[in-house]
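Thanks, everyone. Let me walk you through one model this morning. Have the sequence and the coordinates open while I talk.

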Amino acid sequence: MTDTPDAPDPERNRLSGRLARTARVGANLSGAGISFAANSLFGGDQSDERIAKALAAALGKSKGPLMKVAQMVSTIPDFLPAEYAAELSQLQAEAPAMGWPFVKRRMRGELGPGWDDRFAAFEKEASHAASLGQVHQATLHDGRKVACKLQYPDMSSAVESDVGQLKAMLGLFKRMDGSIDLTEMVGEVTDRLREELDYGREAKHMSLYARMLADKDFVQVPEPVPDLSTDRLLTMTWLDGERLGAFEDAPQETRNHIAEMLFWTWWGPFNSHAVIHGDPHLGNYQVTGGGTGINLLDFGCIRVFPPNFVEGVVDLYRAMLRDDFDAAYAAYEKWGFQNLSRELVEVLNIWARFIYGPLLDDRVRTVADGVTAGEYGRKEAFQVRKLLKEKGPVKIPREFVFMDRAAIGLGAAYLRLKAEVNYHRLFEESLEGFDVKAVADRQAAALKAVGL
């Protein structure tokens, strides 16, 4: 990474920046608060739906980290009641790009005067803009195409402000009734969001994935360009590919092959190194070679787990295969679930049977019959929440937040592709020779090699 001057960082997490952001976001959320108060007073069968629509509208105006948080929590099973999850899931990651004057100032601030001389060409228009930054295509003097990911100003202060707003936002939910203790889940979302601002860490994540997937020649991962990267500028090689959605009507064999490649790209690093790509956004996958390869993009949201967490995943899978209740109970304890009872484990097993269902079924099948990608997991999450009102509360360990989120996102991708695969045999193949000590050793070596 290029060193930046030793002068004070004007974009550090500042009180003034947090206060200004809180005032702007608070003004937007006040409308949702008024809607909440009115609907609490007058009630009615549609009150939750009306509050959810008001909240989604307010967050859509706020942009920045809070909108990204809303998108995150809408895809985490059990985090929100169904009405809220449905509304917030519709918030779009795309945001209006900052103009060329901003880009010039930002590039000069990160790479110094004459920054443009370090590129053979630099596109003035952003190729992609999201809630935390935007991407520009450029060409290096050696002919390589690169992507320059620029972070928006004052994001550190915005994140800290919006984390506080997230906690306040949860108080708007009429039906947030204590069936699930959100403390660990909010902490997990907060930690991952802070990490997304650390472009140096993201570059290391990229190198980590290149290492973990080195034996999968169908996957391409961008390569960071260290001498053109800083804390708020990440330059990496540009990868060309087609949208995953462009293959929804491809021949069945092609769609099945893409699904298998997605399986190995996600489950492979998890079972071998206890690491997952935690962002299920379909835009983070590109298809290459007409369906023979994939590109994996965006390494801001990567979760490195304790190796014994993976052992718990495998233990529960095997307990489900044998219908062994005691072994399932022990797996939940290994994960860190607290205050368990037989009744609570029975409720948790409803969700486990859903997540593990395709992996337990030794046949070629879809990941879920008769379910749309947008509805995948919602019915089961609602059933679990309803039962936990009676049997709970339960405190969900923080590791589950992005594990469940990513698993649901991967399942939705399979549904979009209408893939028909024997997921059981793929999973069994991925577990060949599984040993938790070997996972720990591989993880430690890989993290050391990339400087994490």
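I'll take one helix, then the cores, then the strands, then the salt bridges. Keep in mind that this is a predicted model.

Start with helix H11, residues 325–335. Which of its residues are buried? Phe325, Ala327, Ala328, Ala331, Tyr332 and Trp335. Why do they sit on the same side of H11? Because they cover an arc of only 160° around the axis. The general background is helix geometry. An α-helix has 3.6 residues a turn, so residues three or four places apart point the same way.

What does that buried set pack against? Three helices: H10 at 307–322, H12 at 342–360 and H14 at 400–417.

Now the ends of H11. At the N-terminal end, Asp324 is the cap. One of its side-chain oxygens lies 3.2 Å from the backbone nitrogen of Asp326. After the helix comes Gly336. The phi of Gly336 is positive, near 105°.

Stay with Tyr332 for a moment. Set aside its neighbours within four places in sequence, and Tyr332 is in contact with Leu316, Phe337, Leu340, Val345, Leu348, Asn349 and Ala352.

That brings us to the cores. The largest nonpolar core has 91 residues. Which members touch the most others? Leu262, Trp267 and Tyr332. Helix H14 gives this core its largest share, 11 residues. There is also a second, separate core of 24 residues. Among its members are Phe119, Val159, Leu228 and Leu233. The general tendency, for soluble globular proteins, is for nonpolar side chains to be buried together.

Next, the strands. Four of them form an open sheet, in the order S6-S11-S10-S8. The pairing is mixed. Which strands are at the edges? S6, residues 219–220, and S8; each pairs on one side only.

Look at S10, residues 285–288. Tyr285 and Val287 point one way, Gln286 and Thr288 the other. Are these four buried or exposed? All are buried.

S10 has S8, residues 242–243, as an antiparallel partner over two bridges. Here Glu242 stands opposite Val287, and Arg243 stands opposite Gln286.

S10 is also joined to S11, residues 293–296, by four bridges, again antiparallel. Gln286 turns up once more, now opposite Asn295 in S11. S10 and S11 make a hairpin, with four residues between them. Gly289, in that turn, has a positive phi of about 60°.

Move to another strand pair. S4 and S7 run antiparallel, joined by five bridges. Ala147 has Met236 in S7 as its bridge partner. How enclosed is S7, residues 233–237? Five of its five residues are buried, so S7 is largely enclosed by the rest of the structure.

Last topic: charges. How many salt bridges does the structure hold? The count is 16. I'll show three, each with its N to O distance.

One pairs Asp142 with Arg144, at 2.9 Å. Is Asp142 buried or exposed? Asp142 counts as exposed, because its relative accessibility is 52%. Arg144, at 37%, counts as partly exposed.

Another pairs Lys149 with Asp298, at 3.8 Å. This one links distant parts of the chain, 149 residues apart. Lys149 is in strand S4, residues 145–151, and Asp298 is in the loop between S11 and strand S12, 302–304. Lys149 counts as buried, because its relative accessibility is 16% and the cut-off for buried is under 20%. Asp298, at 28%, counts as partly exposed.

The third pairs Asp315 with Lys334, at 2.7 Å. It takes us back to the opening helix: Asp315 is in H10 and Lys334 is in H11, 19 residues apart. Asp315 is partly exposed, with a relative accessible area of 24%. Lys334 is partly exposed too, at 34%.

One more point on Lys149 and Asp298. Together with Glu202, they form one network through salt bridges that share partners.

To recap: H11 keeps its buried residues on the same side, Tyr332 is one of the three residues with the most contacts in the largest core, and S10 pairs with both S8 and S11. Happy to take questions.

Conventions. Residues numbered from 1 in each chain as written. Predicted model: local features only at pLDDT ≥ 70, side-chain atom pairs only at ≥ 80, totals over all residues. Heavy atoms only, no water. Buried < 20%, exposed > 50% of the residue type's maximum accessible area, 1.4 Å probe, protein only. Arc of directions from axis to C-beta. Contact = heavy atoms within 4.5 Å. Polar contact = N/O pair within 3.5 Å; in protein donor to acceptor, adjacent residues only side chain to side chain. Pairing = 2+ DSSP bridges. Core = buried A, V, L, I, M, F, W, Y, C linked by side-chain atoms within 4.5 Å. Salt bridge = Lys/Arg side-chain N within 4 Å of Asp/Glu carboxyl O.
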